[in-house]
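Colleague: Could you take me through how the labels on this model are decided? I'd like to see the reasoning behind each one.

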Amino acid sequence: MRISTDYGLSWGPEKPVATTGVNENYVYLYLTKNGTLLTPGNTNLLYFSSDWGETWSNKPLGSNMAWTVIMELDNGDFMVIYKNTTNNYIYFKKSSDFGASWSSPTLFLNGINGDIGAAIVVNGAIYFTYI
């Protein structure tokens, strides 16, 4: 990870995104409204940093999860959309306590052979891509 504070004119030094458990080929960073960086790991953990990536902590996210994306909803809740590694279906679940606990998984899409691309929230609408 590298940080620019001048819209990309210059960049700071490289920093690891967490130290273990994050897929080096696919790092999805999300910046929350309160300035915390989040990234789902490939070890079913949610990594977070409140000091711009200097230090990282983690919380359990679930099991059998791959290609996970996370977003903050307009009401402050968090949602993860992920591919289940046992059946390749796409599920989502929500947290209203900053990831301390999560709702039960809800089936979102089945029969998808590709991977999750990205998801964003704009004025209550969730835009989701997959390949």
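Colleague: Why does Ile-120 count as partly exposed?

Modeller: This is a predicted model, and in it Ile-120 has a relative accessibility of 48%. Buried would need under 20% and exposed over 50%, so Ile-120 lands in between and counts as partly exposed.

Colleague: And what makes Ile-120 part of a nonpolar patch on the surface?

Modeller: Patch residues need over 30% relative accessible area, and Ile-120 has 48%. Ile-120 forms the patch with Val-122 and Tyr-127, and together they have about 290 Å² of accessible area. A word on confidence, though: Ile-120 is found in strand 9, and strand 9 (residues 116-122) has the lowest confidence in the protein chain, at a mean of 75.

Colleague: Where is confidence highest, then?

Modeller: In strand 7 (residues 90-95), at 92. For the protein chain, the mean pLDDT is 83.

Colleague: How do you know that strand 7 is paired with strand 6?

Modeller: Pairing takes at least two bridges, and strand 6 (residues 78-84) is joined to strand 7 by six, running antiparallel. Phe-78, for instance, stands opposite Ser-95. The two strands form a hairpin with five residues between them, and Asn-88 in the turn has a positive phi of about 60 degrees. Strand 7 also has three bridges to strand 8 (residues 106-109), again antiparallel, with Tyr-91 opposite Leu-107.

Colleague: Why is strand 7 described as mostly covered?

Modeller: Five of its six residues are buried, and buried means under 20% relative accessible area.

Colleague: The structure holds four aromatic pairs. Why is Phe-92 with Phe-108 called edge-to-face?

Modeller: Their ring centres are 6.1 Å apart, and the planes sit at 85 degrees. Pairing needs centres within 6.5 Å, and edge-to-face needs planes over 60 degrees apart, so this pair is edge-to-face. The pair links distant parts of the chain, with Phe-92 in strand 7 and Phe-108 in strand 8, 16 residues apart.

Colleague: What makes Phe-108 and Phe-128 edge-to-face as well?

Modeller: Here the centres are 5.1 Å apart and the planes are at 80 degrees. With the cut-offs at 6.5 Å and 60 degrees, the pair is therefore edge-to-face. Phe-128 lies in strand 10 (residues 125-130), 20 residues from Phe-108. Phe-92, Phe-108 and Phe-128 form one aromatic cluster.

Colleague: Are Phe-108 and Phe-128 buried or partly exposed?

Modeller: Phe-128 has a relative accessible area of 17%, under the 20% limit, so Phe-128 is buried. Phe-108, at 37%, counts as partly exposed.

Methods: Residues numbered from 1 in each chain as written. Predicted model: local features only at pLDDT ≥ 70, side-chain atom pairs only at ≥ 80, totals over all residues. Heavy atoms only, no water. pLDDT = per-residue confidence, 0-100. Helix = DSSP H or I, 4+ residues; strand = E, 2+ residues; numbered from the N terminus. Buried < 20%, exposed > 50% of the residue type's maximum accessible area, 1.4 Å probe, protein only. Patch = residues over 30% accessible without salt bridge, like charges linked within 9 Å, V, L, I, M, F, W, Y side chains within 5 Å. Areas by Shrake-Rupley, 256 points an atom, 1.4 Å probe, with all protein chains shown as cover. Salt bridge = Lys/Arg side-chain N within 4 Å of Asp/Glu carboxyl O. Phe/Tyr/Trp six-rings, centres within 6.5 Å; stacked < 30°, edge-to-face > 60°.
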